[in-house]
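User: I am new to this structure. Can you teach me how to read its features, step by step?

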Amino acid sequence: MAPTRLHLAVLDCDTPVPDVLPKRGLYSDVFETLLRDAALKTRGLAKLKLDFSNYDSVQGELPTSEDLHHIDGIIITGSGIL
């Protein structure tokens, strides 16, 4: 049986280009939208409650040890820096 709640942390490791940012938001916003839509369209996951905590890792913001106790998974977004 699928979990009823899933808490994900999303680490934003870059900022989208200026043309994308106003339309789609930060990478964490993009991931949240895609994952919510996918859950709604997937049999057995439509009732899944997704919670997201977003962190601006570019500015040094990361989950604390206490935060990690309440997080089920971490998504690390890509970065445009080579």
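Analyst: Start with a definition. A salt bridge is a side-chain nitrogen of Lys or Arg within 4 Å of a carboxyl oxygen of Asp or Glu. Now some ground rules. This is a predicted model, where local features need pLDDT of at least 70, side-chain atom pairs count only at pLDDT 80 or more, and totals for chains, interfaces and linings use all residues. Residues are numbered from 1 along each chain as its sequence is written, and side-chain values use heavy atoms, with hydrogens and water left out.

User: How many salt bridges does a search of the whole structure find?

Analyst: The general idea first. Side chains of opposite charge can pair when their charged atoms come close. Here the search finds 4 salt bridges. In one of them, Arg-36 meets Glu-32 at 3.1 Å, N to O. Both residues lie in helix H2, 4 residues apart, about one turn of the helix. Helices (H or I, at least four residues) and strands (E, at least two) are DSSP runs, numbered from the N terminus.

User: Which residues are linked in a network of salt bridges?

Analyst: The network links Arg-5, Lys-49, Asp-51 and Asp-72. Arg-5 and Asp-51 meet at 2.9 Å, N to O. That pair ties distant parts of the chain: Arg-5 is in strand S1, Asp-51 is in strand S2, and 46 residues separate them. Asp-51 also forms a salt bridge with Lys-49, at 3.0 Å, N to O.

User: Are Arg-5 and Lys-49 buried or exposed?

Analyst: Learn the scale. Buried means under 20% relative accessible area, exposed over 50%, and partly exposed in between (1.4 Å probe, protein chains only). Arg-5 has 39% relative accessibility, so it counts as partly exposed. Lys-49, at 47%, also counts as partly exposed. In the helix, Arg-36 is partly exposed at 32%, and Glu-32 is partly exposed at 21%.

User: What is the order of the strands in the sheet?

Analyst: First, what pairing means. Two strands pair if DSSP finds at least two bridges between them. Here an open sheet of 3 strands has the order S2-S1-S3, with parallel pairing. S2 and S3 are the edge strands, each pairing on one side only. Neighbouring strands are turned by 25 degrees against each other on average, direction ignored. Helix H2 (residues 27–41) packs on this sheet and touches S1, S2 and S3. The direction of H2 makes about 170 degrees with that of S2. For such angles, axes are lines fitted to C-alpha atoms, for helices over the stretch in contact, and angles run from 0 to 180 degrees between N-to-C directions.

User: How many bridges join S1 to S2, and how many to S3?

Analyst: S1 and S2 (residues 49–56) share 8 bridges. S1 and S3 (residues 73–76) are joined by 4. Follow Ala-9: its bridge partner in S2 is Ser-53, and its partner in S3 is Ile-74. Next, Val-10 stands opposite Ile-75 in S3.

User: Why is S1 largely enclosed?

Analyst: Of the 8 residues of S1 (residues 5–12), 6 are buried, so the rest of the structure largely encloses this strand. Take Leu-11, which is in S1. Leu-11 counts as buried at 11% relative accessibility. Leaving aside neighbours within four places in sequence, Leu-11 has contacts (heavy atoms within 4.5 Å) with residues including Tyr-55, Leu-62, Ile-74 and Ile-76.

User: How exposed is Ile-74?

Analyst: Ile-74, in strand S3, is partly exposed, with a relative accessible area of 46%.
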